[in-house]
Amino acid sequence: DPQQIELATASKRKLRRFIVIDEVVDKLYGSKVREYFEENNVQHKILALPTTEETKSMDLVLNILHEVQKFSLDRRTEPIIAIGGGVCLDIVGLAASLYRRRTPYIRVPTTLLSYVDASVGAKNGVNFLQCKNKLGGYTPPVASFLDRSFIQSIPRRHISNGLGEILKMALMKHKGLFDLLKNHGKHLLDTKFQSCNGFADHRDAALQTTRIAIETMLEELAPNLWEDDLDRLVDFGHLISPELEMRVLPSLMHGEAVNIDMAFMTYVAHARGLLDAEEKEQILQCMRGLELPVWHSGCSWALIQRALQERLKHSGGQPRMPLPTGLGVADIFNDTSEETLERAYKLWVKD
């Protein structure tokens with residue numbers, strides 16, 4: 001907004017920004033970030049931190065807040081900027097929501113997973129008592145700045161990890177997105193979601209895939225931002241995966257755990273007669289093509305039972321189980337029997 005720029009530059013008060021950046025991202029892009037603020041004459045404090053699932057705790061939130069307090073940040077005019085993956089965005093979001101009851105913050109995702117998932121919506125949080133995101137809140141950012149060029153420096157496994165969350169939206173809501181992943185998955189992995197010839201246009205698989213994934217996510221989240229309605233298609237892949245992910249840390253990344261959950265639920269959908277054998281096989285082939293795991297030895301029958309019991313506690317006494325009813329279409333089910341689940345699990349193990 002030119003008027004905002006004019007107001008900012010006309011002010012006698014020097015522009016100030018507090019930035020939290022993941023320490024790995026800082027090694028890759030920190031010099032460019034510093035150069036940007038210096039060239040624009042912005043007084044800044046950059047706090048580089050190890051933001052991993054293992055460090056995603058209230059302790060790290062408090063560390064950030066100590067530094068914010070020392071910086072004497074003005075919560076009305078000086079948004080905190082988070083640059084990193086989903087864990088970084090979650091931690092900074094929670095810290096911002098707590099400082100003086102609510103301080104604006106900006107998300108800058110640097111991984112594919114955070115680009116299509118953590119950058120969208122209002123949630124933030126940290127792990128607590130070995131439970132994923134047990135503490136948190138709903139404070140949306142004032143902006144999310146999406147730049148796919150960050151993704152070119154992340155390892156191939158991290159690209160695959162992000163593709164798990166994109167596939168979730170494809171299976172729940174968009175057959176066209178599923179076809180894009182099935183037909184262009186290897187190309188997206190090989191090119192790390194960079195646009196062909198450096199240009200993003202309507203024929204660009206990377207642009208189309210990320211745009212559709214974000215648009216379908218927003219369609220689901222926007223009418224239900226505070227999760228008043230617990231029937232959520234975006235919970236697909238998130239019934240068993242939180243328990244599995246925390247149990248086997250750090251062997252599985254978030255998107256990988258989500259995909260293992262989705263693979264099992266694909267078998268549940270097939271056992272219920274919602275998917276035929278060919279549709280089930282197409283989904284599993286697509287998962288393998290995206291180099292995502294479809295099984296993990298830690299996902300025992302006992303863990304599944306425990307995870308589903310935990311689900312009942314936090315979903316109003318109903319499982320609210322999202323299941324595909326075809327490719328790109330889905331519904332919520334509350335009547336999947338124990339016998340069906342066990343039959344699906346045995347077939348999954350056998351395959």
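Here is a chat about the two domains of this predicted model and a few of its residues.

Student: Hi! What should I know before I start?

Tutor: This is a predicted model, where local features need pLDDT of at least 70, side-chain atom pairs count only at pLDDT 80 or more, and totals for chains, interfaces and linings use all residues. Residues are numbered from 1 along each chain as its sequence is written, and side-chain values use heavy atoms, with hydrogens and water left out.

Student: Which domains does the chain have?

Tutor: Domain 1 covers 2–152, and domain 2 covers 155–224 + 232–350. Those bounds come from an automatic or database domain assignment. The C-alpha centres of the two domains lie 28 Å apart.

Student: How many residues does each domain bring to the contact?

Tutor: Domain 1 brings 20 residues and domain 2 brings 29 residues, where contact means heavy atoms within 4.5 Å.

Student: And what area is buried between them?

Tutor: About 2,000 Å², with 68% of it from carbon and sulfur atoms. Buried area is the accessible area (1.4 Å probe) that two parts lose on being put together, summed over both. On the domain 1 side, Leu112, Leu113 and Arg148 lose the most area to domain 2, together 32% of what that side buries.

Student: How many salt bridges link domain 1 and domain 2?

Tutor: There are 2 salt bridges between the domains, each being a side-chain nitrogen of Lys or Arg within 4 Å of a carboxyl oxygen of Asp or Glu. Elsewhere in my notes on salt bridges, lysine 132 pairs with glutamate 245, and their closest N and O atoms are 3.3 Å apart.

Student: Which elements of domain 1 touch domain 2?

Tutor: Helix H5 (112–118), strand E5 (123–128) and strand E6 (131–138) each supply at least two residues. H5 gives the largest share, 5 residues. Helices (H or I, at least four residues) and strands (E, at least two) are DSSP runs, numbered from the N terminus.

Student: New topic: where is glycine 137?

Tutor: Glycine 137 is in strand E6. Leaving out residues up to four places away in sequence, glycine 137 touches Leu94, Ala122, Lys123 and Asn124. The C-alpha atoms of glycine 137 and asparagine 124 are separated by 5.6 Å, though these residues are 13 apart along the chain.

Student: Which residues does a cis peptide bond join?

Tutor: Leucine 249 and proline 250, with omega about 0°. Proline 250 lies in the loop between helix H9 (241–248) and helix H10 (254–271).

Student: What about the phi of glutamate 291?

Tutor: Glutamate 291 has a positive phi of about 60°, although it is not a glycine. Glutamate 291 sits in the loop between helix H11 (277–289) and helix H12 (301–313).

Student: Why point those two out?

Tutor: Because most residues other than glycine have a negative phi, and most peptide bonds are trans.
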